[in-house]
Amino acid sequence: MTTPFGMRATATEVLEGTDLTGRRALVTGGASGLGTETVRALAAAGAHVTVATRDPRAADGLVAEFPQVRAEALDLADPDSVRAFCAAWSGPLDMLVANAGVMMLPDRRFNAQGWETQLATNYLGHFSLALGLLPALREADRARVVTLSSGAHLRAPFDFDDPHFERRPYDAFTAYARSKTADVLLAVGIQRRWAEYGITANACAPGWIHTNLTRHLDQATMRAFGAMDEHGELVTPDYYKTPEQGAATTVLLAASPLLDGIGGRYFEDNQESPVVDGGPEPMAGVARWSIDPVAADRLWEYAQPVALGALS
Ligand SMILES: NC(=O)c1ccc[n+]([C@@H]2O[C@H](COP(=O)([O-])OP(=O)(O)OC[C@H]3O[C@@H](n4cnc5c(N)ncnc54)[C@H](OP(=O)(O)O)[C@@H]3O)[C@@H](O)[C@H]2O)c1
């Protein structure tokens, strides 16, 4: 499918004319970066938005800005926190935006379930959250789920043989890339299983945007990414977006009528992406390994017992 929006469209522009009054959204990681602009655009269109964040005080500004925005504590890497969040949720949920993420933790770390932390946060926590909130999604009329992936997914398929780097040396970027492949597979898996409840799910890559996401990167890595000069100053290449532009594809998928009934797909720059062979070369598109229904089912079966375990 195509939309009238290009890569420079902002989240507000994408939702112009869309009335979300009476609709309820949950945005993980909504207290910073792209999540904040996602919350702003959805709330400005009339939605009630819950910001899920490790520190709800970080959302004080958003809560003050919009009367229909509230903040709740959620640590996606902590199964107890996910369980408590789901148990406290009541009423329908129209839009689940799986936006929170961590990138390139320098050392291999594990959460309480024994999962590598980037995978546990970016993928497993969101999978548990979606499972825990399934009754709320079903209660809504044609609910939507959006997962935030990244162009980094093009660099690594999900490694079913060694997902937590127990046999091979830990590599911070590969761990991030795998988790972002898993986020696309999560959207494909939700679409395959929950379409019968009227739920649709899509994944997106927001592009390149300066945010707190790079907090774990050293200066050499920032320079290699073209995001820093030799003096340690941030640089902004022309392909970078503002956070308002970076949140556009997210809200397109979460709330635009253009996406009615569409699911199981991957978008970037407000357009559906072509399927490409992943590897070191492609800079855009969705890797065949991320959109593969067989891999989506395999990952679902692999992770579901752990994700459900977090909720019991
Ligand atoms: N910026 C880019 O260029 C870019 C490119 C491709 C993809 N993305 C994706 O876009 C999404 C948003 O990232 P961003 O750029 O807006 O970065 P960001 O400003 O660092 O936002 C990430 C959010 O995730 C939250 N988070 C991290 N660990 C969490 C946990 N264990 N439980 C709950 N929340 C947690 C953070 O909350 P705290 O404040 O509690 O740390 C933060 O609010 C991420 O999924 C990222 O992978 C970004």
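At 62% relative accessibility, Arg 57 sits out in the open and counts as exposed in this predicted model. Its salt-bridge partner is Asp 55, with N and O 3.2 Å apart. Asp 55 is a bit more covered up: a relative accessible area of 31% lies between the 20% and 50% cut-offs, so Asp 55 is classed as partly exposed. This pair is part of a wider set, as the chain has 17 salt bridges in total. Side chains of opposite charge can pair when their charged atoms come close.

Another group of salt bridges turns up around Asp 297. Asp 297 pairs with Arg 192, where the closest N and O atoms are 2.8 Å apart. That contact ties together distant parts of the chain, since Asp 297 belongs to helix α12 (residues 293-309) and Arg 192 to helix α7 (residues 172-194), 105 residues away. Asp 297 also meets the side chain of Arg 193, this time at 3.0 Å from N to O. Here too the link runs between helix α12 and helix α7, with 104 residues separating Asp 297 and Arg 193. Taken as a whole, the group is a network of salt bridges that includes Glu 301 along with Arg 192, Arg 193 and Asp 297. As for how open the site is, Asp 297 is partly exposed, at 21% relative accessible area. Arg 192 falls in the partly exposed class as well, with a value of 46%.

Stepping back to the whole chain, the secondary structure amounts to 12 helices and 12 strands. The radius of gyration is 18 Å, close to the 20 Å that the globule rule gives for 312 residues, so the chain is as compact as a globular protein of that length. Along the principal axes, the C-alpha atoms take up a box of roughly 45 × 45 × 40 Å. Of the 312 residues, 54% are buried.

Now for the sheet. An open sheet is built from 8 strands, running in the order β3-β2-β1-β4-β5-β6-β9-β10, and the pairing is mixed. At its edges lie β3 (69-73) and β10 (271-272), each of which pairs on one side only. Strand β4 (residues 95-98) has β1 and β5 as its neighbours in that order. With β1 (residues 24-28), β4 pairs in the parallel sense over 3 bridges, and Val 27 has Val 97 as its bridge partner. With β5 (residues 144-148), the pairing of β4 is again parallel, this time over 4 bridges; Met 95 stands opposite Arg 144 there. The side chains of β4 split between two directions: Met 95 and Val 97 point one way, Leu 96 and Ala 98 the other, and all are buried.

Helix α2 (residues 33-44) is another well-covered element. Of its 12 residues, 9 are buried, so helix α2 is largely enclosed by the rest of the structure. The buried set is made up of Leu 34, Gly 35, Thr 36, Glu 37, Thr 38, Val 39, Ala 41, Leu 42 and Ala 43. The length of α2 works out too: at 1.5 Å a residue, the 12 residues should span 16 Å, and the end C-alpha atoms are 17 Å apart, which agrees. After the helix comes Gly 46, with a positive phi near 110°.

On the outside, there is a nonpolar surface patch of about 320 Å², made by Trp 208, Tyr 239 and Met 283. Met 283 is found in the loop between β11 (275-276) and β12 (286-287). With a relative accessible area of 60%, Met 283 is over the 50% cut-off and therefore counts as exposed.

Key:
Residues numbered from 1 in each chain as written. Predicted model: local features only at pLDDT ≥ 70, side-chain atom pairs only at ≥ 80, totals over all residues. Heavy atoms only, no water. Expected span 1.5 Å × (residues − 1). Buried < 20%, exposed > 50% of the residue type's maximum accessible area, 1.4 Å probe, protein only. Patch = residues over 30% accessible without salt bridge, like charges linked within 9 Å, V, L, I, M, F, W, Y side chains within 5 Å. Areas by Shrake-Rupley, 256 points an atom, 1.4 Å probe, with all protein chains shown as cover. Salt bridge = Lys/Arg side-chain N within 4 Å of Asp/Glu carboxyl O. Pairing = 2+ DSSP bridges. Rg over C-alpha atoms; globule rule 2.2 N^0.38 Å.
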